[in-house]
Amino acid sequence: MDNHFGGVIWTNHALERLRERGIKQGDAWATWRNPQTSKKGTVPGSWVYYRNYNGTQIEVVAKQNEKREWIIFSVWCRSVSQKTSNMSFWKFIIKK
């Protein structure tokens with residue numbers, strides 16, 4: 001794994017999480033570069049990017065530094081049921 005993969009700076013924390021979670025660095029980069037959705041993160045100026053890959057949602061937390069370089073801080077994944085991914089929480093509960 002590379003700290004400057006894809007022209008982005010990857011923190012040691014992010015690289016460690018990729019290894020721990022078995023996520024390919026290319027998949028995390030593609031999630032950041034071409035997300036299906038995104039939202040503001042909890043840290044000011046940060047964003048969380050989301051992309052689904054065959055029932056697994058990869059989430060990438062990134063922010064630009066003062067030089068306007070992108071830094072990826074963390075990456076994780078979670079299982080997403082294809083049937084419930086587009087369903088609201090309450091509809092999911094009622095259906096269950």
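This section describes the sheet, the two helices packed on it and two buried residues in a predicted model.

The sheet is open and consists of 5 strands in the order β1-β5-β4-β3-β2, with mixed pairing. The edge positions are taken by β1 and β2 (residues 37-40), each of which has a single partner strand, so one side of each lacks a neighbour in the sheet. Between β3 and β4 the pairing is antiparallel and extends over 8 bridges. Within this pair, N52 stands opposite Q57 in β4. Helix α1 packs on the sheet through contacts with β1 and β5, and its direction makes about 20° with that of β5. Helix α2 also packs on the sheet. The strands touched by α2 are β1, β3, β4 and β5, and the angle between the directions of α2 and β3 is about 115°.

Helix α1 spans residues 12-21, and its buried residues include A14, L15, R17 and L18. These residues lie on the same side of α1, because they cover an arc of only 160° around the axis. An α-helix has 3.6 residues a turn, so residues three or four places apart point the same way. Exposed residues N12, R19 and E20 are found on the face of α1 turned away from the buried side. The packing partners of the buried residues are β1 (9-10), α2 (25-33) and β5 (70-79). After α1 comes G22, which has a positive phi near 65°.

In α2, the buried residues are Q25, A28, T31 and W32. Viewed down the helix axis, they fall within an arc of 125° and therefore line one face of α2. The elements covering them include β1, α1, β3, β4 (56-64) and β5. Q25, located in α2, has a relative accessibility of 8% and so counts as buried. Beyond its neighbours within four places in sequence, Q25 is in contact with M1, D2, F5, W10, L15 and L18. Of these contacts, L15 and L18 are among the buried residues of α1.

The second buried residue considered is V48, which belongs to strand β3 (residues 46-53). V48 counts as buried because its relative accessibility is 8%. With residues up to four places away in sequence left out, V48 touches T37, S38, K39, G41, E59, V60 and V61. The C-alpha atoms of V48 and K63 are 9.0 Å apart in space, with a separation of 15 residues in sequence.

Conventions
Residues numbered from 1 in each chain as written. Predicted model: local features only at pLDDT ≥ 70, side-chain atom pairs only at ≥ 80, totals over all residues. Heavy atoms only, no water. Helix = DSSP H or I, 4+ residues; strand = E, 2+ residues; numbered from the N terminus. Buried < 20%, exposed > 50% of the residue type's maximum accessible area, 1.4 Å probe, protein only. Contact = heavy atoms within 4.5 Å. Arc of directions from axis to C-beta. Pairing = 2+ DSSP bridges. Axes fitted to C-alpha atoms, helices over the stretch in contact; angles between N-to-C directions.
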